[in-house]
Amino acid sequence: MEQYEAWKALLRQGADISFWQEFYVKFYQAFIEGGRWQQYLRGVGTTLLATAMALAIGIALGVVIAMIRTAHDQQRPGHHNPILGLLNFVCKIYVTVIRGTPMMVQLLIMGFVIFSSSRNYTLVGALTLGINSGAYVSEIIRGGLMALDPGQAEAGRSLGLNYVDTMRFIVIPQAFKAILPSLGNEFIILLKDTSLITVIGGKELVYAAQAIYGRTYEQMFPLLGIAVIYLVLVIIFTWLLGILERRLRQSDRR
């Protein structure tokens, strides 16, 4: 600590110090001084919480929308359900609007217009991310469902299952294996998109880095630090996804 204070004083005075001394001072300032590592840790917690909530919302929306649109597209010629047609129209508008507008704009509208009176910025951000992700997840799931042999659904109907049970027990489990890589990619994008919550005041990783370099006036180490943290989180998630894919392949062999 004494060595750090001495080198810090020399750096402030503009004295000629070695590269490693300057590196040590700036690293200590960014991660250790005043327990600043705890701010990064809290940021990671908020990031993971927002990602988990957004995942749950995105998957729920994606499954419902995909089932509605698939049911509409797979209607027999001459048999059109008007209620299903209306729901399909609403879903198409939702997907078009969400995919056609930037995530940043959606966050700003949700944070400063729709939920302007709310101070729970993490929840607002997670809700926005989940709504955004639902549009992409629905298209991924719909593509997987439409790619399956229609005979699978017909077999379920022949066993006396209704549409929902046929999708739940027969079609979706088979489609899930095919779309898992695409879903994994969407989830990784969602994890990184949590960094945008900071624009409405969410206290995630980017917020922690901004708070620290706002006091130290040194941006490099805080920003590189959170970049490494995001990379580690993505590597862990990719590893877990790979384990799941291998287990699904093993179940197929059996």
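A salt bridge here is a side-chain nitrogen of Lys or Arg within 4 Å of a carboxyl oxygen of Asp or Glu. This is a predicted model, in which local features need pLDDT of at least 70 and side-chain atom pairs count only at pLDDT 80 or more, while totals for chains, interfaces and linings use all residues. Residues are numbered from 1 along each chain as its sequence is written, and side-chain values use heavy atoms, leaving out hydrogens and water.

Let's start with the charged pairs. The whole structure holds five salt bridges, including these:

| Pair | Closest N to O |
|---|---|
| Glu33 and Arg36 | 3.5 Å |
| Glu139 and Arg69 | 2.8 Å |
| Asp73 and Arg142 | 3.2 Å |

Asp73 belongs to helix 3 and Arg142 to helix 6, so their pair ties together parts that are 69 residues apart in sequence. Helices are DSSP runs (H or I, at least four residues), numbered from the N terminus. Arg142 is buried at 19% relative accessibility, and Asp73 is partly exposed at 37%; buried means under 20% relative accessible area, exposed over 50%, and partly exposed in between (1.4 Å probe, protein chains only). A network of salt bridges links Arg69, Asp73, Arg99, Glu139 and Arg142.

Now to helix 9. Its buried residues are Leu205, Val206, Ala208, Ala209, Ile212 and Thr216. Viewed down the axis, they fall within an arc of 155 degrees (taken from the directions from the axis to the C-beta atoms), so they line one face of helix 9. Just after this helix comes Tyr217, with a positive phi near 60 degrees. Val199 sits in the loop between helix 8 (163-193) and helix 9 (205-216).

Definitions and conventions
Helices (H or I, at least four residues) and strands (E, at least two) are DSSP runs, numbered from the N terminus.
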